Amino acid sequence: MEGAQGMFPGFVFTPGEVHDAHHQIARFTWHLGPAGEEPVAVGFDVVEMAEDGRIARVLGFLDKVPTV
């Protein structure tokens with residue numbers, strides 16, 4: 001997460017509206033943009049947890065990205 005934040009100086013990640021979990025799987029949405037403003041990117045991640053509680057895998061999807 002720290003690496004991703006370093007790639008977008010001046011932007012912040014904020015949680016989206018969807019977040020839930022079942023057994024070792026969690027899903028959540030997130031927003032990225034200037035603090036207090038409309039996000040420029042929106043994504044959806046699915047996280048698989050290992051038996052020891054650490055993150056085993058992250059699958060990320062981009063739902064909204066800036067146009068060039």
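Q: Why does F8 count as partly exposed, rather than buried or exposed?
A: This is a predicted model. In it, F8 has a relative accessibility of 33%. Buried means under 20%, and exposed means over 50%. The value for F8 is 33%, so F8 counts as partly exposed.

Q: Where does F8 sit?
A: F8 lies in a loop. The loop runs between α1 (2–6) and β1 (11–22).

Q: What makes F8 fit for a nonpolar surface patch, and which residues make the patch?
A: Patch residues need over 30% relative accessible area. F8 is at 33%, so F8 passes that cut-off. The patch is made by M7, F8 and F11. It covers about 290 Å².

Q: What makes the contact of R27 and D20 a salt bridge?
A: Their closest N and O atoms are 2.6 Å apart. The cut-off is 4 Å, between a side-chain nitrogen of Lys or Arg and a carboxyl oxygen of Asp or Glu. The 2.6 Å of R27 and D20 is within 4 Å, so the pair is a salt bridge.

Q: Are R27 and D20 buried or exposed, or in between?
A: R27 has a relative accessible area of 37%. D20 also has 37%. Partly exposed lies between 20% and 50%, so R27 and D20 are both partly exposed.

Q: How do you know that R57 and E48 form a salt bridge?
A: The N to O distance between their side chains is 3.2 Å. That is within 4 Å, so R57 and E48 meet the rule. R57 is partly exposed at 46%. E48 is partly exposed too, at 29%.

Q: Why is R54 called exposed?
A: R54 has a relative accessible area of 59%. Exposed means over 50%, so R54 earns the word. R54 also meets D52 in a salt bridge, at 2.9 Å from N to O.

Q: How many salt bridges does the structure hold?
A: It holds four. Among them are R27 with D20, R57 with E48, and D52 with R54.

Q: What makes T29 buried?
A: T29 has 12% relative accessibility. Buried means under 20%, so T29 counts as buried. T29 lies in strand β2.

Q: Why does T29 make a polar contact with E17?
A: A polar atom of the T29 side chain lies 3.1 Å from the backbone nitrogen of E17. The cut-off is 3.5 Å, so this pair is within reach of the definition.

Q: How do you know that β1 and β2 pair?
A: Nine bridges join β1 to β2 (residues 25–34). Pairing needs at least two bridges, so β1 and β2 pair. They run antiparallel. One bridge links H22 to I25 in β2.

Q: What joins β3 to the strands on either side?
A: Eight bridges join β2 to β3 (residues 41–49). β3 and β4 also pair over eight bridges. Both pairings are antiparallel. G43 in β3 is the bridge partner of W30, and G43 stands opposite L62 in β4.

Q: Why are β1 and β4 called edge strands?
A: The open sheet has the order β1-β2-β3-β4. β1 and β4 (55–64) each pair on one side only. Neighbouring strands of this sheet are turned by 20° against each other on average, direction ignored.

Q: Which residues take a positive phi in the hairpins?
A: In the hairpin of β2 and β3, G36 has a positive phi near 80°. Six residues lie between those strands. In the hairpin of β3 and β4, G53 has a positive phi near 90°. There, five residues lie between the strands.

Methods: Residues numbered from 1 in each chain as written. Predicted model: local features only at pLDDT ≥ 70, side-chain atom pairs only at ≥ 80, totals over all residues. Heavy atoms only, no water. Buried < 20%, exposed > 50% of the residue type's maximum accessible area, 1.4 Å probe, protein only. Patch = residues over 30% accessible without salt bridge, like charges linked within 9 Å, V, L, I, M, F, W, Y side chains within 5 Å. Areas by Shrake-Rupley, 256 points an atom, 1.4 Å probe, with all protein chains shown as cover. Helix = DSSP H or I, 4+ residues; strand = E, 2+ residues; numbered from the N terminus. Axes fitted to C-alpha atoms, helices over the stretch in contact; angles between N-to-C directions. Polar contact = N/O pair within 3.5 Å; in protein donor to acceptor, adjacent residues only side chain to side chain.
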